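Please open the model in your viewer with the chain drawn as a cartoon and side chains ready to be switched on, so that each selection below can be followed in turn.

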Amino acid sequence: MTQSSRDRAPAGDAAGGGAPRCPVSPRDAAAERLLRAGRLSVEGRLVQASNATLYCSIEHDGQAAGCVYKPVAGERPLWDFPDGTLAEREVAAYEVSKTMGWGTVPPTVHRDGPYGPGMVQLWVEPDPDVDLVALSRSEDEAVRRMAVFDAVVNNADRKIGHLLPPGDGRVYGCDHGVCFSVEYKLRTVLWQWRGKPLTPEALEALARVQDGLADGALGTRLSELLTPDEVDATRRRVELMLKHRIHPYPPEDWPAIPWPPL
């Protein structure tokens with residue numbers, strides 16, 4: 001989903017964007033509870049998303065927010081990822097983000113919805129005054145964290161429009177359905193740190209992921225969402241990054257930048 005695809009079109013007779021502005025911070029544990037238990041109401045669709053991607057309002061126990069709902073039934077088949085697995089990969093990316101401690105992915109759950117089971121993610125409204133192209137080319141530390149996260153999950157589609165800066169200095173990322181391949185498929189617009197030493201902060205985050213995969217909740221959770229080979233490949237990527245202590249280089253046999261990059 002590119003930045004322009006976050007423009008909402010009406011679904012049926014409903015006007016897009018009907019939900020109140022989110023009173024729940026993406027960093028608040030209440031956000032995940034809201035996504036799991038809330039009542040979903042489809043307000044519109046994201047018009048340029050390649051898979052069925054719906055903008056919804058969600059309400060529960062006096063709280064209301066906007067969210068993205070991607071039903072598994074609306075996923076288009078891909079040649080390099082098993083059918084019907086994109087929603088679970090989005091949730092797996094969120095679980096890795098939580099373990100790293102950076103909150104780079106908005107709260108994301110897998111649940112039933114109006115069109116069947118799928119991924120539901122808290123809506124993050126990007127600041128329209130932020131130049132996303134300039135941000136993607138910058139040395140911003142929040143963007144650098146995103147680059148490390150993408151290397152861990154083997155993100156095959158980090159476009160500029162997948163960066164969501166709400167204007168508070170943080171940068172969130174969306175669209176992680178094509179992650180966790182067992183083959184090295186890192187494809188991103190964030191190559192400015194390739195080969196550079198990882199920061200101490202990044203090494204600490206990677207160590208948390210390594211521990212979580214070895215004998216912690218992360219390994220258990222990812223085994224519910226991914227294949228055993230995909231979990232093992234994630235473990236190996238983290239081990240290599242901790243061993244070499246540098247940002248990875250682009251793959252030699254795979255396009256390094258997604259198309260279109262926006």
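**Where α5 meets α7**

Begin by selecting L203, L206, A207, V209, Q210 and L213 in α5, and then add their contact partners in α7, namely V231, T234, R235, V238, E239, M241 and L242. By class, the residues of this contact of α5 with α7 divide into nine nonpolar, two polar and two charged. Keep in mind throughout that this is a predicted model.

With both helices still displayed, draw their axes: those of α5 and α7 come within 10 Å and cross at roughly 145°, and the crossing in which α5 passes α7 is left-handed.

**Along α7**

Next, select the whole of α7, residues 228–244, and check its length: at 1.5 Å a residue its 17 residues should span 24 Å, and because the end C-alpha atoms are 25 Å apart, expectation and model agree. Within this helix, colour the buried residues, which are E230, V231, A233, T234, R237, V238, M241 and L242; these buried residues pack against α2, α4 (141–153), α5 (200–215) and α6 (217–225). Then step past the end of the helix to R245, which follows α7 and has a positive phi, near 60°.

**The loop before α2**

Finally, move to P82, which lies in the loop between β4 (63–71) and α2 (86–100). Is P82 buried or exposed? It falls between the two, being partly exposed because its relative accessible area is 45%. To close the tour, select G219 as well and draw a distance between the two C-alpha atoms: P82 and G219, which are 137 residues apart along the chain, are separated by 21 Å.

Notes:
Residues numbered from 1 in each chain as written. Predicted model: local features only at pLDDT ≥ 70, side-chain atom pairs only at ≥ 80, totals over all residues. Heavy atoms only, no water. Helix = DSSP H or I, 4+ residues; strand = E, 2+ residues; numbered from the N terminus. Buried < 20%, exposed > 50% of the residue type's maximum accessible area, 1.4 Å probe, protein only. Expected span 1.5 Å × (residues − 1). Contact = heavy atoms within 4.5 Å. Axes fitted to C-alpha atoms, helices over the stretch in contact; angles between N-to-C directions. Left-handed = near helix turned anticlockwise from the far one by under 90°. Nonpolar A, V, L, I, M, F, W, Y, C, P; charged D, E, K, R; others polar.
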